[in-house]
Amino acid sequence: MNTCIVGLQWGDEGKGKIVDILAEHKDIVVRYSGGANAGHTVVIDNNTFALHLLPSGSVRSNINCVIANAVVVDPQCLIEEIDTLARKNITLDGRLFISENAHVVLDYHKQEDRLREESLGENKIGTTIRGIGPCYADKIGRSYAVRMADLRDLGELKDKLKTIIEYKNKIFSALYNAEPISDDDIFEKCKCYADRFLPFMTDTTAFLHKAIEDGKSILFEGAQGSLLDLDHGTFPFVTSSNSSSLGMSVGCGVPARMVDRFVGVAKVYSTRVGAGPFPTEQDNEIGQYIRDKGNEYGTTTGRPRRCGWFDAVVVSYAAKIGAIDQIALMHLDTIAGMKELKVCRAYKIDGKEITFFPTNAAKLSRAQCIYETVPGWQEDITGVDNFHDLPLNAQNYIMFIEEMIKKPVTIIGVGPKRKQTIFR
Ligand code: GDP
Ligand code: IMO
Ligand code: MG
């Protein structure tokens, strides 16, 4: 049984927790897109792991982990992550497989990300400054790209870096009046990266197809959320990869028809980090209640997340383009204590009622939400482990969402821990 997990909103839906739980019965977990902009939280007893590049299955020592072709790898960040796990006696030796085709995020990508965002002022995207956009841009541009495989031939890489950094420095100086960066420094770092990562590098596509032939069970871990997808999200306020489940097959070379089940993860409310339209946003005491109670601060950047009501237009759209079979709805505990809850069922844009999500950012920013209001509940539900033991209004809220998005909700989160999960 192969399963793909994907976020159905703007990221941070709780994918890390769901991947960790479902990984128990898998042989391999695969990260297929994005980079260290992701922050996936896994809570095991008193340990909290924030994973950026390693698949969330990595905390289970019996699971093989793949970082596939379309991931942009920040080697410095990956070293830190591997070392953090090692300090907790979790080793990746012999079970981490990094694609030779994955592109490498280097210091000049992060510099470019930062300089561009600063120069945009109020028009900035609000990126994580992890060099994601510049690295993917170099990949698409081809001429100035560095792949993991380039670490195999340091002589050639030295020349390549010289050319790339000469080009980057011209841009940094001309556009941003910035200090030049040194190709020697970056080359020295790459030598360390080569030492560290050559043992893990392989043809991950061949590895995955062999595993499928051998009857192994694979979990594909999406990063970010469907609304941040470069081609299907709220462009330009998106990330630079195909972060919906549509990116899975292109990201790792396994066709979508080989996946048996697509599980979409959503929160029972909405959040977004960075700029861009957010129709159900509650920039008021309701949003603050959700932020405080749900601890809605970025796993990667620590930024406060923008919070708002559940948007059925968004989640229905993401479920459609993602061929989602079932939904994991997280953070039901967070909205306990509210008198009433709102769910956006449609938008009114330029006088017209719309239920199919418009990805055009200008159009979306004119959307007025049409809400349905349902009663809330006051009870603490963080210890509930059975759907029928939830307060009636909480059960009704879940069923109301199911009805709106026309997909079954099979997993419900009532807290960050593994045990705080209800299966239906
Ligand atoms: P991801 O990027 O989708 O993996 O999500 P993040 O890890 O960035 O953010 C989700 C946050 O919510 C993390 O702090 C999780 O520990 C936490 N979390 C996940 N599910 C639940 C839940 O059902 N209830 C509560 N209260 N917290 C949850
Ligand atoms: P996980 O996997 C939430 C957002 C950034 C910004 C936009 C572009 O933890 O759900 P980028 O650095 O990718 O160029 O930033 O995308 N973003 C995320 N928001 N969760 C994420 O990942 C995100 N990854 C990127 O905040 O708005
Ligand atoms: Mg996150």
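Mentor: Buried means under 20% relative accessible area, and exposed means over 50%. Keep in mind that this is a predicted model.

Trainee: Why does threonine 280 count as buried or exposed?

Mentor: Its relative accessibility is 0%, and buried means under 20%, so threonine 280 counts as buried. Threonine 280 sits in the loop between β12 (270-272) and α9 (285-294).

Trainee: Which residues is threonine 280 in contact with, leaving aside its neighbours within four places in sequence?

Mentor: Contact means heavy atoms within 4.5 Å. With those neighbours left aside, the residues in contact with threonine 280 are Ser270, Gly308, Trp309, Phe310, Asp311, Cys344, Cys369 and Tyr371.

Trainee: What makes Asp12 and Gly39 donors to the magnesium ion (ligand 3)?

Mentor: Donors are N, O and S atoms within 2.8 Å of the metal. Asp12 (OD) and Gly39 (O) coordinate the magnesium ion at 2.0 to 2.2 Å, so they meet that cut-off. The pair links distant parts of the chain, 27 residues apart: aspartate 12 is in the loop between β1 (3-7) and α1 (15-22), and glycine 39 is in the loop between β2 (28-31) and β3 (40-44).

Trainee: Why does glycine 39 count as buried or exposed?

Mentor: Glycine 39 has 11% relative accessibility, under 20%, so it counts as buried.

Trainee: And how does aspartate 12 count?

Mentor: Aspartate 12 has 24% relative accessibility, which lies between 20% and 50%, so it counts as partly exposed. Aspartate 12 also has a positive phi of about 60°, although it is not a glycine.

Trainee: What is the phi of lysine 406, and where is this residue?

Mentor: Lysine 406 has a positive phi of about 55° and is not a glycine. Its place is in the loop between α12 (392-405) and β19 (409-413). At 67% relative accessibility, over 50%, lysine 406 therefore counts as exposed.

Trainee: What joins phenylalanine 235 and proline 236?

Mentor: A cis peptide bond, with omega about 5°. Proline 236 is in the loop between β10 (218-221) and α8 (246-252).

Trainee: How is the packing of α5 and α6 described?

Mentor: Two packed helices are described by the angle between their axes and the distance between the axes. For α5 and helix α6 (residues 183-197), the angle is about 145° and the axes are 10 Å apart. The crossing of α5 past α6 is right-handed.

Trainee: Which residues of α5 and α6 meet?

Mentor: From α5, they include Leu154, Leu157 and Leu161, and from α6, Ile186, Phe187 and Cys190. The residues of this contact divide into 8 nonpolar, no polar and 5 charged.

Trainee: Which residues of helix α4 are buried, and what covers them?

Mentor: The buried residues of α4 (residues 132-141) are Ile132, Pro134, Cys135, Tyr136 and Asp138. Their cover includes β6 (72-73), β8 (103-104), α3 (107-120) and α5 (154-176). Arginine 142, with a positive phi near 70°, follows α4.

Trainee: What makes a set of residues a nonpolar core, and how many residues has the largest?

Mentor: The residues must be buried, of the nonpolar kinds that count, and joined through side-chain atoms within 4.5 Å. The largest nonpolar core has 69 residues, and those with the most contacts inside it are Phe220, Leu332, Tyr347 and Tyr397. Helix α10 (residues 312-321) gives the largest share of this core, 7 residues. Apart from it lies another core, of 44 residues, including Leu53, Ile67, Met148 and Ala178.

Conventions. Residues are numbered from 1 along each chain as its sequence is written. Chains are lettered from A and ligands numbered from 1 in the order in which they are written. This is a predicted model: local features need pLDDT of at least 70, side-chain atom pairs count only at pLDDT 80 or more; totals for chains, interfaces and linings use all residues. Side-chain values use heavy atoms; hydrogens and water are left out. Buried means under 20% relative accessible area, exposed over 50%, partly exposed in between (1.4 Å probe, protein chains only). Helices (H or I, at least four residues) and strands (E, at least two) are DSSP runs, numbered from the N terminus. Axes are lines fitted to C-alpha atoms, for helices over the stretch in contact, and angles run from 0 to 180 degrees between N-to-C directions. A crossing is left-handed if the near helix is turned anticlockwise from the far one by less than a right angle, and right-handed if clockwise. Ala, Val, Leu, Ile, Met, Phe, Trp, Tyr, Cys and Pro count as nonpolar, Asp, Glu, Lys and Arg as charged, and the others, Gly among them, as polar. Donors are N, O and S atoms within 2.8 Å of the metal (3.2 Å for Na, K and Ca); water is not among the atoms, so sites may look incomplete.
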